[in-house]
Amino acid sequence: GNIYRLGRLEFEIRGSLKSSEKHGVKAGDNIIAVHIPDNGGPFTEKNCKEAYRLAEEFFPKHFPEYSYDYYTCNSWLLDRTLKNFLKPTSNIVWFMDTFEVTESKESFDALTYLFGRGTELKDIDNLTPETSLQKAVVDQLKNGGKLYTSFGLQKK
């Protein structure tokens with residue numbers, strides 16, 4: 001019972017997995033990790049803002065002893081290379097811009113989330129993109145580009 005679905009997002013009470021000297025965060029410090037469930041409905045700025053509003057009410061009410069200063073997220077949705085092919089007004093761009101990315105590592109997580117569990121780089125030639133984002137990701141990888149999973153912090 002440490003992950004809570006509040007509107008469009010999930011929020012997890014846990015210690016930070018990473019440190020950020022710039023932000024004064026050490027590994028193990030209290031944070032709230034943000035997760036983006038697959039089946040959460042429209043991923044819009046409005047829905048995400050509402051989820052954060054709910055979190056700001058929920059955690060002090062139910063966990064008054066748990067103090068935290070940051071939300072964190074470790075996701076392919078924070079991959080800054082996505083900005084190369086997403087519109088600046090995209091909800092994904094809005095979401096990634098709410099976090100300050102402090103670390104990125106090459107990853108193919110986007111394939112898993114866009115095409116289904118078990119999808120790997122070796123499958124790239126057999127994929128049939130159905131959305132503009134899927135097509136852009138496939139083209140990026142076919143043209144030798146890379147994708148990343150990034151870790152970011154957002155001040156509470």
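Student: Why does Glu50 count as partly exposed?

Tutor: Glu50 has a relative accessibility of 34%, and buried means under 20% relative accessible area, exposed over 50%, and partly exposed in between (1.4 Å probe, protein chains only), so Glu50 counts as partly exposed. This is a predicted model, in which local features need pLDDT of at least 70 and side-chain atom pairs count only at pLDDT 80 or more, whereas totals for chains, interfaces and linings use all residues. Residues are numbered from 1 along each chain as its sequence is written, and side-chain values use heavy atoms, with hydrogens and water left out.

Student: What makes the meeting of the Glu50 and Arg53 side chains a salt bridge?

Tutor: A salt bridge is a side-chain nitrogen of Lys or Arg within 4 Å of a carboxyl oxygen of Asp or Glu, and the side chains of Glu50 and Arg53 meet at 2.6 Å, N to O, so the pair fits the definition. Arg53 counts as partly exposed, at 38% relative accessibility.

Student: How many residues apart are Glu50 and Arg53 in helix α1?

Tutor: They are 3 residues apart in α1, which means that about one helical turn separates Glu50 and Arg53. An α-helix has 3.6 residues a turn, so residues three or four places apart point the same way.

Student: What makes residues 45-62 a helix, and what span does α1 reach from its first C-alpha to its last?

Tutor: Helices here are DSSP runs of H or I with at least four residues, strands are runs of E with at least two, and both are numbered from the N terminus; α1 has 18 residues, so the length condition is met. The helix reaches 25 Å, close to the expected 26 Å, where the expected span is 1.5 Å times one less than the number of residues.

Student: Which residues of α1 are buried, and which are exposed on the other side?

Tutor: Cys48, Ala51, Tyr52, Ala55, Phe58 and Phe59 are the buried ones. They cover an arc of only 135° around the axis (taken from the directions from the helix axis to the C-beta atoms), which means that they lie on the same side of α1. Lys46 and Lys61 are exposed on the other side of α1. Among the elements that cover the buried residues of α1 are β2 (9-15), β3 (30-35) and β4 (70-75), where contact means heavy atoms within 4.5 Å.

Student: What residues of the largest nonpolar core touch the most other members?

Tutor: Of its 41 residues, Leu9, Phe11, Val34, Phe59, Tyr71 and Phe95 touch the most other members. A nonpolar core is a set of buried Ala, Val, Leu, Ile, Met, Phe, Trp, Tyr and Cys residues joined through side-chain atoms within 4.5 Å. The largest share of this core, 6 residues, comes from α1. Apart from it lies another core, of 6 residues, including Val25, Ile31, Phe151 and Leu153.

Student: Why is Ser107 called buried?

Tutor: Its relative accessible area is 9%, so Ser107 meets the condition for buried. Ser107 lies in the loop between β5 (100-106) and α3 (109-115), and, leaving aside its neighbours within four places in sequence, Ser107 is in contact with Leu147, Tyr148 and Thr149.

Student: What does the side chain of Ser107 reach, and at what distance?

Tutor: The side chain of Ser107 reaches the backbone nitrogen of Asp109 at 3.0 Å. A polar contact is a pair of N or O atoms within 3.5 Å, where, within protein, one must be able to donate a hydrogen and the other to accept it, and residues adjacent in sequence count only if both atoms are side-chain atoms.

Student: How many Å apart are the closest N and O atoms of Asp139 and Lys135?

Tutor: They are 2.7 Å apart, and Asp139 forms a salt bridge with Lys135. Being 4 residues apart in helix α4, Asp139 and Lys135 are separated by about one helical turn. Asp139 is partly exposed at 30% relative accessible area, and Lys135 counts as partly exposed at 45%.

Student: Why is Lys122 called exposed?

Tutor: The relative accessible area of Lys122 is 63%, so Lys122 meets the condition for exposed. The side chains of Lys122 and Asp123 meet in a salt bridge at 3.6 Å, N to O.
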